[in-house]
Amino acid sequence: MRTIADFQKEVADYIARTHQSGGLLECPLCEQGALIEAEVRATGEQISFCEECDSIWPSECLIDDSHAEAFQTFVDAHGKRGLTWSELKIS
Ligand SMILES: [Zn+2]
């Protein structure tokens, strides 16, 4: 059973790894967090999210202010009631 602690460790690992390769992108919304690429385990959908402000971008969207969705909005809009952070698979 994956926990939120597992998830947070994966995020930290992703940031360390991606930062090292120079590919880490900054969140355009809060300009503080890093963008993490992940997959919704249940659907295989690719997303990017900000580890700081919890904004989400579906992979087909431009990562900018106008396409950002709040995590809860994403869950509601896509019929993924009950989806939690720990169900995201970090790329
Ligand atoms: Zn952010």
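What arrangement do the four donor atoms make around the zinc ion? They subtend angles of 105 to 115 degrees there, which makes the arrangement tetrahedral. The views below take that site as their starting point, and everything in them comes from a predicted model.

**View 1. The zinc ion and the four cysteines that hold it.**
Here we're looking at the SG atoms of C27, C30, C50 and C53, which coordinate the zinc ion at 2.2 to 2.3 Å. Read along the chain, the donor residues follow the spacing C-x2-C-x19-C-x2-C. C30 sits in the loop between helix 1 (4–20) and strand 1 (35–40), while C53 sits in the loop between strand 2 (46–50) and strand 3 (55–58), so this pair ties together parts that are 23 residues apart in sequence. As for accessibility, C27 counts as buried at 0%. C30 is partly exposed, with a relative accessible area of 22%, and C53 is partly exposed as well, at 31%. Don't go hunting for disulfides: the structure holds zero of them.

**View 2. E31 and D54, two loop residues with positive phi.**
Zoom in on the loop between helix 1 and strand 1 and you'll find E31. Its phi is near 55 degrees, a positive value in a residue other than glycine. E31 counts as exposed, with 54% relative accessibility. Now hop over to the loop between strand 2 and strand 3, where D54 lies. Phi of D54 is near 65 degrees, again positive in a residue other than glycine. At 33% relative accessibility, D54 counts as partly exposed.

**View 3. S55 and its contacts.**
S55 belongs to strand 3. With a relative accessible area of 6%, S55 is buried. What is S55 in contact with, leaving aside its neighbours within four places in sequence? The list runs L29, S48, F49, C50, A68 and E69. One of these, C50, also gives its SG atom to the zinc ion.

**View 4. F7 stacked with F49.**
The count of aromatic pairs comes to four. In this one, the rings of F7 and F49 are stacked, 5.8 Å centre to centre with 25 degrees between the planes. The pair links distant parts of the chain, since F7 is in helix 1 and F49 in strand 2, 42 residues apart. Both ends are tucked away: F7 counts as buried at 6% relative accessibility, and F49 counts as buried at 2%.

**View 5. F71 stacked with W85.**
The ring centres of F71 and W85 are 3.9 Å apart and their planes meet at 15 degrees, so this pair is stacked. Here too, distant parts of the chain are linked: F71 is in helix 2 (residues 71–77) and W85 is in the loop between helix 2 and strand 5 (88–90), 14 residues apart. F71 counts as buried, with 10% relative accessibility. So does W85, at 15%. Put this view together with the previous one and you get one aromatic cluster, formed by F7, F49, F71 and W85.

**View 6. The largest nonpolar core.**
Pull back a little and the largest nonpolar core comes into the frame, with 16 residues. Which residues have the most contacts inside it? They are F7, I47, F49, I56, W85, L88 and I90. The elements giving two or more residues to this core are helix 1, strand 1, strand 2, helix 2 and strand 5. L88 makes a handy landmark: not counting residues up to four places away in sequence, L88 touches R2, F7, E10, A38, E39, V40, R41, I47 and F49.

**View 7. R2 and S86, two ends of a long stretch of sequence brought together.**
R2 is found in the segment before helix 1. Although R2 and S86 are 84 residues apart along the chain, their C-alpha atoms are separated by 6.4 Å. Leaving aside neighbours within four places in sequence, R2 is in contact with F7, E10, R41, S86 and L88. At a relative accessible area of 22%, R2 is partly exposed. F7 from View 4 turns up here again, as one of the residues R2 contacts.

Definitions and conventions: Residues numbered from 1 in each chain as written. Predicted model: local features only at pLDDT ≥ 70, side-chain atom pairs only at ≥ 80, totals over all residues. Heavy atoms only, no water. Donors = N, O, S within 2.8 Å, 3.2 Å for Na, K, Ca; no water. Tetrahedral: all angles 85-135°; square planar, octahedral: opposite > 155°, others 65-115°. Helix = DSSP H or I, 4+ residues; strand = E, 2+ residues; numbered from the N terminus. Buried < 20%, exposed > 50% of the residue type's maximum accessible area, 1.4 Å probe, protein only. Disulfide = S-S within 2.5 Å. Phe/Tyr/Trp six-rings, centres within 6.5 Å; stacked < 30°, edge-to-face > 60°. Core = buried A, V, L, I, M, F, W, Y, C linked by side-chain atoms within 4.5 Å. Contact = heavy atoms within 4.5 Å.
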